[in-house]
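User: I would like to learn how to read the features of a structure, one at a time. Please give the general idea for each and then the case at hand.

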Amino acid sequence: MKPKTEKILIALTCVLGISGVAYGMAEKNDPVFIAGLCFVIAGYLLIRRELKAYRKRALPR
């Protein structure tokens, strides 16, 4: 996947997750809250994968 496309995917995933969590908390809508948490976790894992790849490229042993 291209870097720009991947960054857009990560940003969209995080925004959807944060929006879902906020809406779920405000309206007491549990399914939306849990779906938002899943999106936030997915965004975190995507960011973490990018950081690990960067670290391997930047700091060769």
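Analyst: What follows is a dialogue on salt bridges, pockets, cysteines, surface and backbone. The model is predicted.

User: Let us begin with charged pairs. How many salt bridges are there?

Analyst: Side chains of opposite charge can pair when their charged atoms come close. Here the count comes to one salt bridge. The partners are Arg49 and Glu6, whose side chains meet at 2.6 Å, N to O. Arg49 belongs to helix H2 and Glu6 to helix H1, and the pair links parts of the chain that are 43 residues apart.

User: Is Glu6 buried or exposed? And what about Arg49?

Analyst: Glu6 has a relative accessible area of 11% and is therefore buried, since buried means under 20%. Arg49 has a relative accessible area of 46%, so this residue is partly exposed.

User: Next, empty space. How much space lies in the largest pocket?

Analyst: Rolling a probe the size of a water molecule over the atoms shows where empty space is left. In this model, the largest pocket holds about 160 Å³ of space.

User: Which residues line the largest pocket, and which elements give two or more of them?

Analyst: The lining consists of Met1, Lys2, Pro3, Glu6, Lys7, Ile10, Glu50 and Arg57. Two elements give two or more residues to this lining: helix H1 (3-26) and H2. The largest share comes from H1, with four residues. Glu6, a lining residue of the largest pocket, is also the acidic partner in the salt bridge with Arg49.

User: Now the cysteines. How many disulfides does the structure hold?

Analyst: A disulfide needs two cysteine sulfur atoms within 2.5 Å. The structure holds zero disulfides. Cys14 is in no disulfide, and the nearest cysteine sulfur, that of Cys38, is 14 Å away.

User: Why is Cys38 not bonded to Cys14?

Analyst: Because the sulfur of Cys38 is 14 Å from that of Cys14, its closest cysteine sulfur, the separation is too far for a bond.

User: On to the surface. Which residues make the nonpolar patch?

Analyst: Leu12, Leu16 and Phe39 make a nonpolar surface patch of about 280 Å². Phe39 is located in helix H2 (residues 30-58). The relative accessibility of Phe39 is 37%, so this residue counts as partly exposed.

User: How should I read the backbone angle phi, and what is the phi of Lys28?

Analyst: Most residues other than glycine have a negative phi, and most peptide bonds are trans. Lys28 is not a glycine, yet has a positive phi of about 55°. Lys28 sits in the loop between H1 and H2. With a relative accessible area of 71%, Lys28 is exposed, because that value lies over the 50% cut-off.

User: Last, distances along the chain and in space. How far apart are Tyr23 and Phe33?

Analyst: Separation in sequence and separation in space are two readings to set side by side. Tyr23 and Phe33 are 10 residues apart in sequence, and their C-alpha atoms are 7.1 Å apart in space. Tyr23 is part of helix H1 and counts as partly exposed at 45% relative accessibility.

User: And what separates the C-alpha atoms of Ala58 and Gly17?

Analyst: Ala58 and Gly17 are 41 residues apart along the chain, and 30 Å lies between their C-alpha atoms. Ala58 is in helix H2 and is partly exposed, with a relative accessible area of 40%.

Conventions
Residues numbered from 1 in each chain as written. Predicted model: local features only at pLDDT ≥ 70, side-chain atom pairs only at ≥ 80, totals over all residues. Heavy atoms only, no water. Patch = residues over 30% accessible without salt bridge, like charges linked within 9 Å, V, L, I, M, F, W, Y side chains within 5 Å. Areas by Shrake-Rupley, 256 points an atom, 1.4 Å probe, with all protein chains shown as cover. Salt bridge = Lys/Arg side-chain N within 4 Å of Asp/Glu carboxyl O. Buried < 20%, exposed > 50% of the residue type's maximum accessible area, 1.4 Å probe, protein only. 1 Å grid on protein atoms, 1.4 Å probe; cavity = no way out; pocket = protein on both sides within 12 Å on 5 of 7 lines; lining within 4 Å. Points joined across faces, edges and corners; volume = space filled by probe spheres on them.
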